[in-house]
Amino acid sequence: MTTITTPGSTRSELALRAHHRAPVVVPAEPVFDHAFPEDFDSVFEGSTTQRSTIGCVIPAYNEEESIASVIEGLLAQTRVPDVIHVVVNNTTDKTVQIASQYAGAHEITTELGEQFTEVFVHDIGKNPDKKVGALNYGYALVEGYDYLLGVDGDTIAEEHAVEYLETEIIGDSRIGGISAIYSIDNKPFKGLASFLISGQRSQFAAFNLQNLLRGRNMAVLGGQFSVFSTHALREVMEQNHQSTPWVKDSEVEDSLLSLQIKSAGYLTKISPAARADVGGMTTLRALDAQQVKWTYGAIELMWPGQRGDTKGQPLHPNLRIRWAENFGMLTNLFVRVAFLLLLAASLSIGAFVFSPVWLIPIGMAVMLNLRMAMTMANRTRKDVLFALLIVPAEVYMWIRLSHFTRAWSSFLSKKKVDNWAAQAKAEKGGGGHGHWVPLIVAIAVMVAVAVIWMMLGPVVQSTILWIGWPIVGVVTVLQTLLMFTKLVRRQHGYKV
């Protein structure tokens, strides 16, 4: 295990320097590029010269392509963290060597004045707990600070991000953690990668907006770029009898910690101003591994008695949105599969009659997707085209449905899989062809249904169509009404 530091500096000395540094005045009237609700503006209007200490922890695993940009992004913040610990684990690339170029003290002049920080790089070698182990290692280094800033090794924040997060969490002692708005930079990508990134940007935007419109209550304080109160983390550890804030027996360590912070009586918030770009998945295999891990972990949190067992399960306030998401995906799966089967069945006996009414849900979906694209703060032409052209968004929905079915199938089969390892392997280009299984199964089911259909008599076929179409129609109408309510819902000037 190697720790790269500058000689003569200890953690206690860094904390002492941070406490004795001249206070930085937060502007009473910061300049924003768009409007925000009055409740957020008041946070800045009532800000004082109060100064906190922030320890930054960057868990890094094979991040040689991005770690330099991540550190430079932190050093370019208007409010620089008081210390930055890069915790490298299980790495097989040059992450340590690249990060080490930034190790040492940095005196920085920003619009908020003179600031000091120090970068430490820790190579903790082979770590069976992976990211969780790296986070807990970092927590032990910064537990004496007021706040812990968690940053993923591929996340680059806008220059005011730390300032905005600090200002709000200081202004409300009820906040246990606050997250930035996440997106993905889609400019460098082309082809399939560009399509997948556009889909992920739309998915992130919908999730962010949903949380913003729920009183800015964040269901998941993502590890990508979030500030945690170390006091709240200590309470979580005490209440849950844990020796560390993050636990290794959950596929979604950030979701579980968010639940625990909420259960401890704190608020979990999302900032409408702080923004950060995260690393996106550029291949079907990598996207599948990531999304299956997320969905599988969420199911474990939702389902009583699983590894992620927590108080309030299964209807904890932070889990209700998870249940709604899964129910929505199940409805989307049913409507699409049932429609295709009924359409094929109707055509096979010449019983299909087209009705323009079926175009209403499609038009509503396009308008909703377009409105979502227009709420993106850094939208591009790709985002608008993704929403308008119908086909890209529909194809991406089918991809998401395959992840949904894979995760639930794995969970219900009781098969224990290391989804962390699967994602890491997939991002390297390995991991097999499991992401094609839903498509293969779907084709097999379609063939089987077609054979069975041809064996049925005309009366039975007509009865199935007579019952099936109204059911699909009713569900589609309900979906369309839900989309309409989202379309006309006020967005209060939020940009995602």
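Buried here means under 20% relative accessible area, exposed means over 50%, and partly exposed lies in between, with a 1.4 Å probe and protein chains only. This is a predicted model, in which local features need pLDDT of at least 70 and side-chain atom pairs count only at pLDDT 80 or more, while totals for chains, interfaces and linings use all residues. Residues are numbered from 1 along each chain as its sequence is written, and side-chain values use heavy atoms, with hydrogens and water left out.

**Overall make-up**

The protein has 17 helices and ten strands. Helices (H or I, at least four residues) and strands (E, at least two) are DSSP runs, numbered from the N terminus. Of the 496 residues, 51% are buried. Contact means heavy atoms within 4.5 Å. Among contacts with a separation of 6 or more, 82% are between residues 24 or more positions apart. The accessible surface (Shrake-Rupley method, 1.4 Å probe; for residues, only the protein chains shown count as cover) comes to about 22,800 Å², and carbon and sulfur atoms hold 63% of that area.

**Cores**

A nonpolar core is a set of buried Ala, Val, Leu, Ile, Met, Phe, Trp, Tyr and Cys residues joined through side-chain atoms within 4.5 Å. The largest has 43 residues, and I58, V86, L149 and F225 have the most contacts inside it. Helix α3 (residues 67-75) gives the most to this core, with six residues. Another core, of 34 residues, lies apart from it and includes L135, L209, M218 and I261.

Not counting residues up to four places away in sequence, I58 touches several residues, including I67, V70, I71 and L74, as well as I84, V86 and V151.

**Helix α13**

In helix α13 (residues 381-388), D383, F386 and A387 are buried. Seen down the helix axis, the buried residues of α13 fall within an arc of 95°, so they line one face of the helix. The arc is that of the directions from the helix axis to the C-beta atoms. An α-helix has 3.6 residues a turn, so residues three or four places apart point the same way. The partners of this buried set are α7 (191-212), α12 (359-374) and α14 (391-412). Just after α13, I390 takes a positive phi of about 65°.

**Positive phi in loops**

Most residues other than glycine have a negative phi. R216 and H241 are listed below; R216 is not a glycine, and neither is H241.

| Residue | Phi | Loop | Relative accessible area |
|---|---|---|---|
| R216 | about 60° | between α7 and β9 (225-229) | 4%, buried |
| H241 | about 55° | between α8 (230-239) and α9 (253-263) | 75%, exposed |

**Other sites**

T78 is found in the loop between α3 and β3 (83-88). With 3% relative accessibility, T78 counts as buried. Leaving aside neighbours within four places in sequence, T78 is in contact with T110, E111, L112, Q115, E159, H160 and E163.

M302 belongs to helix α10 (residues 284-302) and is buried, at 0% relative accessibility. M302 and H316 are 14 residues apart in sequence and 8.5 Å apart in space, C-alpha to C-alpha.

On the surface, W436, L439, I440, I443, V447, V451 and M455 make a nonpolar patch of about 720 Å². Patches are made of residues with over 30% relative accessible area and no salt bridge, with like charges joined within 9 Å and nonpolar side chains (Val, Leu, Ile, Met, Phe, Trp, Tyr) within 5 Å. A salt bridge is a side-chain nitrogen of Lys or Arg within 4 Å of a carboxyl oxygen of Asp or Glu. V447 lies in helix α16 (residues 437-455).
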